[in-house]
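Visitor: I should like to request a close look at a single part of the model shown here, with the cut-offs stated.

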Amino acid sequence: MHQSIVKRTVEYYIDRGSHVFGCFVDFSKAFDTVNYWKLFSQLLDDGVDRCYVQLLVFWYSSQTVCVSWQGCVSSEFHIGNRTRQGGVLSPYLFTRYMYIRPLLADVSRYGVGCNVGGLFVNILAYADVLVLLAPSWYALQDLIRT
């Protein structure tokens, strides 16, 4: 979905003889440092049903694995969890995280960026990547400073 919106926005501007400038921000390292207890607290503050949050707490705090290699199986050991790259919940959880969410809201309200039929398309978020779009180099610089 995210790529389709970027592609359609760029096509919209190119079809009208204009330019589009983009900036891709990779937060993959941030995925590895999410404080899950803050995230779970944020989900509860957002009104997510307590049962779902408790399920996530269990998933992220109680997982063990063992390694099987050439017929030998190790004993179980606890694994640390991160927001999983490619996981179905990862984009939702990451955008709910307290640092990303205000950033998305601030840039969305800023009023600078590509305008497609009266709708501002200036920031898109998917998993660990943010995309900033603007019709000029100067506007993109302005978004980056936001």
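What percentage of the 146 residues in the chain do buried residues make up? Please then examine asparagine 122 and the sheet beside the loop that holds it.

Guide: This is a predicted model, in which local features need pLDDT of at least 70 and side-chain atom pairs count only at pLDDT 80 or more, while totals for chains, interfaces and linings use all residues. Residues are numbered from 1 along each chain as its sequence is written, and side-chain values use heavy atoms, with hydrogens and water left out.

Buried residues account for 29% of the 146 residues; buried means under 20% relative accessible area, exposed over 50%, and partly exposed in between (1.4 Å probe, protein chains only). The chain has seven helices and nine strands, taken as DSSP runs numbered from the N terminus (helices are H or I with at least four residues, strands E with at least two).

Asparagine 122 sits in the loop joining strand E7 (119-121) to strand E8 (123-126). Its relative accessibility is 2%, so asparagine 122 counts as buried. A polar atom of its side chain lies 2.7 Å from the backbone oxygen of valine 107. Leaving aside residues up to four places away in sequence, asparagine 122 touches Val107, Ser108, Gly111, Val112, Gly113, Val131, Leu132, Leu133 and Leu143, where contact means heavy atoms within 4.5 Å.

Strand E8, which follows this loop, belongs to an open sheet of three strands in the order E1-E9-E8, paired antiparallel; two strands pair if DSSP finds at least two bridges between them. Strand E1 (21-26) and E8 stand at the edges with a single partner strand each, so one side of each has no neighbour in the sheet. On average, neighbouring strands are turned by 15° against each other, direction ignored. E8 and strand E9 (residues 129-134) share four bridges in the antiparallel sense, and tyrosine 126 has valine 129 in E9 as its bridge partner.

Two helices pack on this sheet. Helix H6 (residues 100-109) touches E8 and E9, and its direction makes about 155° with that of E8. Helix H7 (residues 137-145) touches E1 and E9, at about 140° to the direction of E9. Such axes are lines fitted to C-alpha atoms, for helices over the stretch in contact, and angles run from 0 to 180 degrees between N-to-C directions. The contacts of asparagine 122 include Val107 and Leu143; the range of H6 is 100-109, and that of H7 is 137-145.

Notes. Polar contact = N/O pair within 3.5 Å; in protein donor to acceptor, adjacent residues only side chain to side chain.
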